[in-house]
Amino acid sequence: FNTKGTTHPITHHRSQVDIYERLPVPFGLVRFGVAPDHPEVKNVINTFTQTAKHSRCSFFGNVNVGKNVSIAELQQAYHAVVLSYGAEGNRSMGVPGEDLDGVYSAKDFVGWYNGLPSCRELSPDLSCETAVILGQGNVALDVARILLSPIDILKKTDITQPALEALAESQVRRVLIVGRRGPIQIACTIKELREMVNLPDTRPDMVASDFDGVKEALKDLPRPRKRLTELMLKTALEVPGEKEQERRNKASRTWGFRFFRSPVEVLADISRGRIAGIRLAVNRLEGSGEGAQAVLTGEVEDVSCGLVVSSIGYKSLPIDPSVPFDSHKAIVPNTMGRIQRAAGLYCSGWLKTGPTGVIATTMNNSFDTARSLVEDMESGKLDVSAIKPGSQSIGALLEKRGVKPVTFSDWEKIDNVETKRGESSGKPREKLLTVEEMLQVAWT
Ligand code: NAP
């Protein structure tokens, strides 16, 4: 959806744009990644819907590209193919104990509370008091907020019912958000930090010495980072006013950053076959500013916890052997969205840039891809002189292979059912949680 904007193929000439999606439902990360308590971010769905309903745009859900249909077949059917399938893998910590019960990737944890069918069975064990989140990006803060939010807030969101029930029973009272570098290098943004600071029934719990020298460095920081760091300093070091102190005293849950720490081992409780804690290496910084590097000091520290969520970044995966892939950077090598050494193939979104940036960043980078495509059409680099069959030939192939696509109006039936189910419990929607259920609703 992002590839379409003001300068895009769909407003160009008489081009037809078809969107293929593995799941029966559209919107990818907006549906399955954006936190349930951020409904305003999901409003972008309205723009995507307008695009999908354009007379020259068609949506084909339930089609697994690379499996049901190959890239080569798509290239035969279309003048141009844009890959925009995001980053569904996650960076692994590469430490012993990572596979123990009680350790989850943020990707799966987020997928679980957002109703991603493949994460339905996750059922994380929330019977412990302390949870450790590794990484200090916005995803880490989303997970921390969901773990600590009062249930009355969550039950008005589109969080899934099983996640809501598990969180209502959760024993987690303390969340530590661990970063390998220092406060000046933290990856989250100010809005997400402010949400943590203001989260009802929680109080911050920081280590004052982590902020040594930070105040002095403020003056050299670029403005957004300066404001973020000031808020952290205020939260960590300032004596709060009377009202805030009272609020903090009453809070039943705590959260805090732990800086200069890298995971070295997840510790096992052998008798229970699950985790007992995490061993962290103590780091120091080499260099200054945002580019400073974490260097091991040789010291380690153990933290007891019953839940570890690894939130150290997402990663794109290759889709088809015919598409060049840079496994080191985990992206498709490209120049302004033109996939290198693959005429007629383009990419956009996190597959193009790596997993960084907010939705607006991704939209802008996708508009660049669309611009490249239009330029290539206009310059003749992309040969559009011969008619190509598009969805007609792909539809025939899929039929032969027993694959029935879900159209956008089929999705609207799912949307209707979800919204109605949500209404009865005061939620904006109650998501269908399995592909089978989605297909059943789509095709009735
Ligand atoms: P991120 O912002 O890149 O943060 C990744 C975190 O993991 C950083 O703290 C990073 O530390 C740490 N890390 C990476 N490799 C590590 C390792 N080997 N050991 C220890 N720590 C490691 O990624 P993200 O949180 O997954 O978010 C992805 C993108 O989505 C970001 O651009 C984010 O802003 C965006 N997003 C936005 C929102 C929102 O707007 N509300 C919500 C969710 C996500 P270093 O800095 O030291 O590398």
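**View 1. Polar contacts of the ligand with three side chains.** In this predicted model, an N or O atom in the side chain of Asn 138 is 3.0 Å from an oxygen atom of the ligand. For Arg 180, a side-chain N or O atom is 2.8 Å from an oxygen atom of the ligand. Arg 181 likewise places a side-chain N or O atom 2.8 Å from a ligand oxygen. The ligand taken alone exposes 920 Å², of which the protein buries 78%.

**View 2. The shell of residues around the ligand.** The ligand is surrounded by 21 residues, and those that come nearest are Asn 138, Arg 180, Arg 181, Glu 192 and Gly 357. By residue class, the shell comprises nine polar, seven nonpolar and five charged residues. Helix H6, which spans residues 138-148, contributes three residues to the shell, the most of any element. Both domain 1 (9-88 + 315-443) and domain 2 (92-312) supply at least three residues each to the shell.

**View 3. The open sheet of six strands.** The strands follow the order S5-S13-S6-S7-S9-S8, and their pairing is parallel. Strand S5 (103-105) and strand S8 (202-204) each have a single partner strand, so each edge strand has one side without a neighbour in the sheet. From one strand to the next, the twist averages 20°.

**View 4. Pairing of strands S6 and S13 within the six-stranded sheet.** Strand S6 (residues 130-134) and strand S13 (residues 307-310) run parallel and are joined by four bridges. Within this pair, Ile 133 has Val 309 of S13 as its bridge partner. In general, the strands of a sheet pair through backbone hydrogen bonds, in either a parallel or an antiparallel manner.

**View 5. The open sheet of three strands.** Here the order is S10-S11-S12, with antiparallel pairing. The edges are formed by strand S10 (261-269) and strand S12 (293-304); each has a single partner strand, so one side of each lacks a neighbour in the sheet. With direction ignored, neighbouring strands of this sheet are turned by 20° against each other on average.

**View 6. Pairing of strands S10 and S11 within the three-stranded sheet.** Eight bridges link S10 with strand S11 (residues 274-286), and the two strands run antiparallel. Val 266 lies opposite Ile 278 of S11.

How values were computed: Residues numbered from 1 in each chain as written. Predicted model: local features only at pLDDT ≥ 70, side-chain atom pairs only at ≥ 80, totals over all residues. Heavy atoms only, no water. Near = heavy atom within 4 Å. Polar contact = N/O pair within 3.5 Å; in protein donor to acceptor, adjacent residues only side chain to side chain. Areas by Shrake-Rupley, 256 points an atom, 1.4 Å probe, with all protein chains shown as cover. Nonpolar A, V, L, I, M, F, W, Y, C, P; charged D, E, K, R; others polar. Domains from an automatic or database assignment. Pairing = 2+ DSSP bridges. Axes fitted to C-alpha atoms, helices over the stretch in contact; angles between N-to-C directions.
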